[in-house]
Number of protein chains: 6
Amino acid sequence: MARPSGRRAEQLRPVKITRHYTVHAEGSVLVEFGDTKVICTASVEPGVPRFLRGSGQGWVTAEYGMLPRSTGSRMGREAARGKQGGRTQEIQRLIGRSLRAAVDLKKLGEVTITVDCDVIQADGGTRTAAITGACVALVDALNHLQRKKSLKADPLNCMVAAVSVGIYNGEPVLDLDYAEDSSAETDMNVVMTSAGGFIEVQGTAEAAPFSADEMTAMMALAQKGIADLVRVQQMALAQG
Amino acid sequence: MARPSGRRAEQLRPVKITRHYTVHAEGSVLVEFGDTKVICTASVEPGVPRFLRGSGQGWVTAEYGMLPRSTGSRMGREAARGKQGGRTQEIQRLIGRSLRAAVDLKKLGEVTITVDCDVIQADGGTRTAAITGACVALVDALNHLQRKKSLKADPLNCMVAAVSVGIYNGEPVLDLDYAEDSSAETDMNVVMTSAGGFIEVQGTAEAAPFSADEMTAMMALAQKGIADLVRVQQMALAQG
Amino acid sequence: MARPSGRRAEQLRPVKITRHYTVHAEGSVLVEFGDTKVICTASVEPGVPRFLRGSGQGWVTAEYGMLPRSTGSRMGREAARGKQGGRTQEIQRLIGRSLRAAVDLKKLGEVTITVDCDVIQADGGTRTAAITGACVALVDALNHLQRKKSLKADPLNCMVAAVSVGIYNGEPVLDLDYAEDSSAETDMNVVMTSAGGFIEVQGTAEAAPFSADEMTAMMALAQKGIADLVRVQQMALAQG
Amino acid sequence: MARPSGRRAEQLRPVKITRHYTVHAEGSVLVEFGDTKVICTASVEPGVPRFLRGSGQGWVTAEYGMLPRSTGSRMGREAARGKQGGRTQEIQRLIGRSLRAAVDLKKLGEVTITVDCDVIQADGGTRTAAITGACVALVDALNHLQRKKSLKADPLNCMVAAVSVGIYNGEPVLDLDYAEDSSAETDMNVVMTSAGGFIEVQGTAEAAPFSADEMTAMMALAQKGIADLVRVQQMALAQG
Amino acid sequence: MARPSGRRAEQLRPVKITRHYTVHAEGSVLVEFGDTKVICTASVEPGVPRFLRGSGQGWVTAEYGMLPRSTGSRMGREAARGKQGGRTQEIQRLIGRSLRAAVDLKKLGEVTITVDCDVIQADGGTRTAAITGACVALVDALNHLQRKKSLKADPLNCMVAAVSVGIYNGEPVLDLDYAEDSSAETDMNVVMTSAGGFIEVQGTAEAAPFSADEMTAMMALAQKGIADLVRVQQMALAQG
Amino acid sequence: MARPSGRRAEQLRPVKITRHYTVHAEGSVLVEFGDTKVICTASVEPGVPRFLRGSGQGWVTAEYGMLPRSTGSRMGREAARGKQGGRTQEIQRLIGRSLRAAVDLKKLGEVTITVDCDVIQADGGTRTAAITGACVALVDALNHLQRKKSLKADPLNCMVAAVSVGIYNGEPVLDLDYAEDSSAETDMNVVMTSAGGFIEVQGTAEAAPFSADEMTAMMALAQKGIADLVRVQQMALAQG
């Protein structure tokens, strides 16, 4: 088997995280997984959703969008169609849940951090790139709050990163690009903490059902990939 | 550890599948997982979505809804709010993908089968009950097409069923009811074929990340539960 | 003239009212007028709409829906289309007005009771079945409030029931089923109190205008039918 | 009892029908029932809705709106709120059904006539004024088609007019204005043909149920009022 | 060159302003620019939008609509389509900004005046007629507030009026009607104060770009036309 | 007077146009006017809107959006709110009209080019930057069609560029940034062709009306600025 990109089965695409990408947001990151590029901005706003008011607890949420021509053929603009599609909602719910696993909301106080993940170029794996970049933007926003002395304790539990694994041409591979994704037998997104715990596992058999052994092999690849991604996150954050 | 219902860790709730539940649909099933009750109707309509026209291939899709007072406190009616929420869309996409795994769309011909899953009473696990019941309604709709001589070959690949597993009070358990679901550390929905292959795995750490060992234990429970559910499906279908 | 069902002109379909049909709602009824089956749940919630706040007065309102395949051919789901159609709005406004005639809103206090009427199987007369069943669900909700000592006085003015009458093949008939309804010359829905007063009269000439004499004949049939329906309601409520 | 306007119980408000009110529409009428003023325009367009295509039959439909400040306090604009309310939909369905009773759709051919009824000033009875004026605009549109030789036979069955009746201060009255309407015990809208047949009867008990005798008295008032309105329609049409 | 209407290049259509056109609004004007007829009603309501609460300052805003058959062929009703089109929003934003230039919002106090401009007949220039009429309705609403002693000082800065200019058949002309507008090379809307200052200039080259000299010529025509319109406004207001 | 940025009155911000910014679109440009950054992608699709079908003519249209945190404080996402605001619609209509002035639609053939302008960072002048960048993306898309031999003749009439001018602290200035824009007395957007013709002029008095002399001064600044911008466009296009 050869991957279209020539990568080895357990090899990530080149991953690049650029902090301070735009000037206004409290956290702003451009994350690239190969040709997949996502702008992740973390915005800090006072107050929390109604169900948390008075609880002393904060909230972290995410929104996701794709520029209409981030993809090979132009997609209709969701704002023009008047609603976000099911895929968009599924992805932004996933990103939000993942980020909340990284943060102790009680230590955050009654503040909402919204992380917008906007795909400017897509080549497979936009949701995993988004989570991986969004976590760095979130950390920058938390640092911003700490510099402003708005926090008593550091709310960061751990880093969170995400990667896709799948069965392509009968073999388990890591970090599928679009060429692989569109013809893979199985596609699975895995979100993990920097401490090695699982946050989300979402696997779908596209063509044929997958076996428990394939599942095990994919999980191992994911663990390897997440460890690599966490190192890239930490290097980006080390550059202050 | 004791489960609130007194069930053993690997024990399903009482499962009941009533066929021919309403009179108009080509397939109509009431599925009960304990106190969770879902009406699943399969409707056969000529024609396929635009992206399949002229392909000779059919389509299977699903819609999901909850009656406003199927739950402990009344939820707003989605039709009145003017849109389906993200959770609804996520679930109906999952049901649709799962059912398509059961069917060879090429053998179906240019026909669309829509399976409506409407929850009339909810006690946890509505999506897994819906998939399990919907598959039986789908089989009845396929049988209807065969009786009408509309099919050249049987499009049914296999049965598909679904169950939830989770970590409750630190232990892996099967088929969580609402009392368990609302305080579980991890909740995972697993869709499998009657042949033992995985179709979908969707696990979420609600409270704490889960480990690879917990993952393995949950997968084993799911395999056991699915085998039980497939037997209930087959018994229901055997009653003609 | 023979009615398709073989019924006499002044004969209702078999009417059945099942209380406590689902477990969560304060009032929950399955009402059946022959093959027409509607789930009516009454939900009690604190507070009232803005225009009543501070008035000390309560509110009773209704929502109506049909499962997509409650009918002979599948209807689009209103939640998916993003709005409730004109027929739905007309019916739920009718149900709400009818139920408010049964209740002294001042004695209710600042509480809202929402009655959801969801048709799971349709064979004509869904709105009249809904009103007749909804009133029983409403009484159960009021009883729930009385058991909780939330009411100082009984807010129930009277029972309310509804039935259709029409001109079918030139003759006035009671309680039209779908076969009659779809070819009737005139269709009229009548809502009355258990004390014999009229709450709503809505008659439409479908094919030819109707005369004052036909109107009189239909009103007499309606009075007879309502008296029968009130007896069924009272028997159901007597069973505690 | 005295009516606020000093009218006798069976007396209409001054009714005025101005044809050719605006220049573009095939039929354009300003109808006034006292201070209630409605612009009714009939637009002829080729083609019919999907369910009639190829049937050789035409269609007549209506839309209804109120200018935001046609009423005592400003109402939100439905276009700005993004949907037509339930009352609007109920009224435009009623107008459409009423007008279709006036026309033999088969003789119309595959043409759609849309009658827009826009209330520029409201003082009670906007729907009955709208129907009464809309019928005249419809006749002008049919005349336009006849002058263009687009019709083989005259599709007009009869004229249609509408009036409200009610119980005000315990007595039956004709053509309620806003002062009466807002405190009437019962409000009933009646649509009839020029030949004396009933098309629609819609009565609602606002405060107390009404009796069969009150119903009879209201129907007699309505018959008298409709006869008067048909004379006004015919005089307007006679002026060419 | 001859204008289709036979007007001279710098000649307005007959302009007519009828005050107190409807009875409910604090200001109500029918404005006619030839065959273009717009009802402008100014409604006074307590309170201001959220961004002004507590500022002591008032707000003036506008909404715009066209009756479906105000035009040569029927347009879909925006309320039925579920949203206001881009042109509508553009025009109502323009009217609102123009009117706010006429008023010292600080002197108005925390009150909102909404001016609804509804076109009942269109023949080009609906937005300029709307602004010109709306300003008179606004003045009547301010007078209403003064009569009620709700204002400490007169908030009216100046009158505001609007007119279109364009290049038609190569020559600059004033106040284009539909016949001119639909084939003009350039169309420009100009809003000015009674003191001769510019509030808005919106020019669009429809066919060919326009030159600086054409721009200058159009501006001169606009200044002349606005002066004429302000005289008509003042005469209308003088009639008390 | 000093401009906040220290620029001279007739000085543009640093302008940068990066072609081939993303990989999928037929034309893709990042345009920067100082800190304002807009991604403009031109997408070529077969077919034209309904009103042009069969005309042999093409269509050019534009859509505009802002990333939620492109601005100082986060704006709600239009896709999430379910509609595009009035400002967005106004801007995308302006961009579309401007681009259509650059192209001979008859020479384009029945093809639609959609230019998406998405602001990733805003500092005033997003619509003028968008038009200036979009025109370059459009030229790249036309070049793509020519390389594919899809065009018989070059449809490009001229280049189109846009710039803002205004009155800031009493003096006319070119290319306002956010600090100037938010406190300017007048703000005007001017779109011109590379041949010096005017396409659009949109001026708004924010604080005080502007005079004819100020208008003349602003027009002169705009002509100067546009000439500079056309040079930057041409240099970018020269780099192949």
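Me: Contact here means heavy atoms within 4.5 Å. With that in mind, how far apart are the closest C-alpha atoms of chain B and chain E in this predicted model?

Reply: Keep in mind that we're looking at a predicted model. No contact joins chain B and chain E. Chain A and chain D have no contact either, and their closest C-alpha atoms lie 11 Å apart. For chain B and chain E, the closest C-alpha atoms lie apart by 11 Å.

Me: OK, let's try a pair that does touch. What area is buried between chain A and chain F?

Reply: Start with who takes part: chain A brings 36 residues to the contact, and chain F brings 36 residues too. Carbon and sulfur atoms give 48% of the buried area. That area comes to about 2,800 Å².

Me: Which three residues of chain A supply more of the area it buries against chain F than any other three?

Reply: Look for a trio on the chain A side that together supplies 26% of the area this chain buries against chain F. No other three residues supply as much. The trio is A:His24, A:Arg69 and A:Arg74.

Me: And how many salt bridges are there between chain A and chain F?

Reply: Here's one to find on screen: the side chains of F:Arg77 and A:Asp118 meet at 2.9 Å, N to O. The cut-off for a salt bridge is 4 Å, so this pair counts as one. Between chain A and chain F the count is twelve.

Me: By class, how many charged residues does the side of chain A that touches chain F have?

Reply: Across this interface there are 23 residue pairs in polar contact. On the chain A side, β3 (36-46), β4 (59-66), α1 (78-81) and β5 (111-121) each supply at least two residues. Sorted by class, that side has 14 nonpolar and twelve polar residues, and the charged ones number ten.

Me: Now for chain D and chain E. Which residue of chain D meets E:Asp118 in a salt bridge?

Reply: In this interface, 36 residues of chain D are in contact with 36 residues of chain E, and the count of salt bridges is twelve. In one of them, the side chain of E:Asp118 is 2.9 Å, N to O, from its partner. That partner is D:Arg77.

Me: Let's move to the sheet shared by chains E and F. Which strands stand at its edges, and why is one side of each left without a neighbour?

Reply: The open sheet has eight strands in the order β7(E)-β6(E)-β8(E)-β9(E)-β9(F)-β8(F)-β6(F)-β7(F), with antiparallel pairing. Neighbouring strands are turned by 15° against each other on average, ignoring direction. Each edge strand has a single partner strand, so one side is left without a neighbour in the sheet. The edge strands are β7 (171-174) of chain E and β7 (171-174) of chain F.

Me: Which residue of β9(E) stands opposite E:Met188?

Reply: Follow the pairing of β8 (residues 186-193) and β9 (residues 198-205) in chain E. These two strands run in the antiparallel sense and pair over seven bridges. Opposite E:Met188 you'll find E:Gly203.

Me: Last one: helix α6 of chain F packs on the sheet, so which strand of chain E does it touch?

Reply: Helix α4 (residues 126-147) of chain F lies across β6, β8 and β9 of chain F, at about 165° to β6(F). Helix α6 (residues 212-238) of chain F makes about 145° with β6(F). It touches β6, β7, β8 and β9 of chain F and, from chain E, β9.

Terms used:
Residues are numbered from 1 along each chain as its sequence is written. Chains are lettered from A and ligands numbered from 1 in the order in which they are written. This is a predicted model: local features need pLDDT of at least 70, side-chain atom pairs count only at pLDDT 80 or more; totals for chains, interfaces and linings use all residues. Side-chain values use heavy atoms; hydrogens and water are left out. Two strands pair if DSSP finds at least two bridges between them. Helices (H or I, at least four residues) and strands (E, at least two) are DSSP runs, numbered from the N terminus. Axes are lines fitted to C-alpha atoms, for helices over the stretch in contact, and angles run from 0 to 180 degrees between N-to-C directions. Buried area is the accessible area (1.4 Å probe) that two parts lose on being put together, summed over both. A polar contact is a pair of N or O atoms within 3.5 Å; within protein, one must be able to donate a hydrogen and the other to accept it, and residues adjacent in sequence count only if both atoms are side-chain atoms. Ala, Val, Leu, Ile, Met, Phe, Trp, Tyr, Cys and Pro count as nonpolar, Asp, Glu, Lys and Arg as charged, and the others, Gly among them, as polar.
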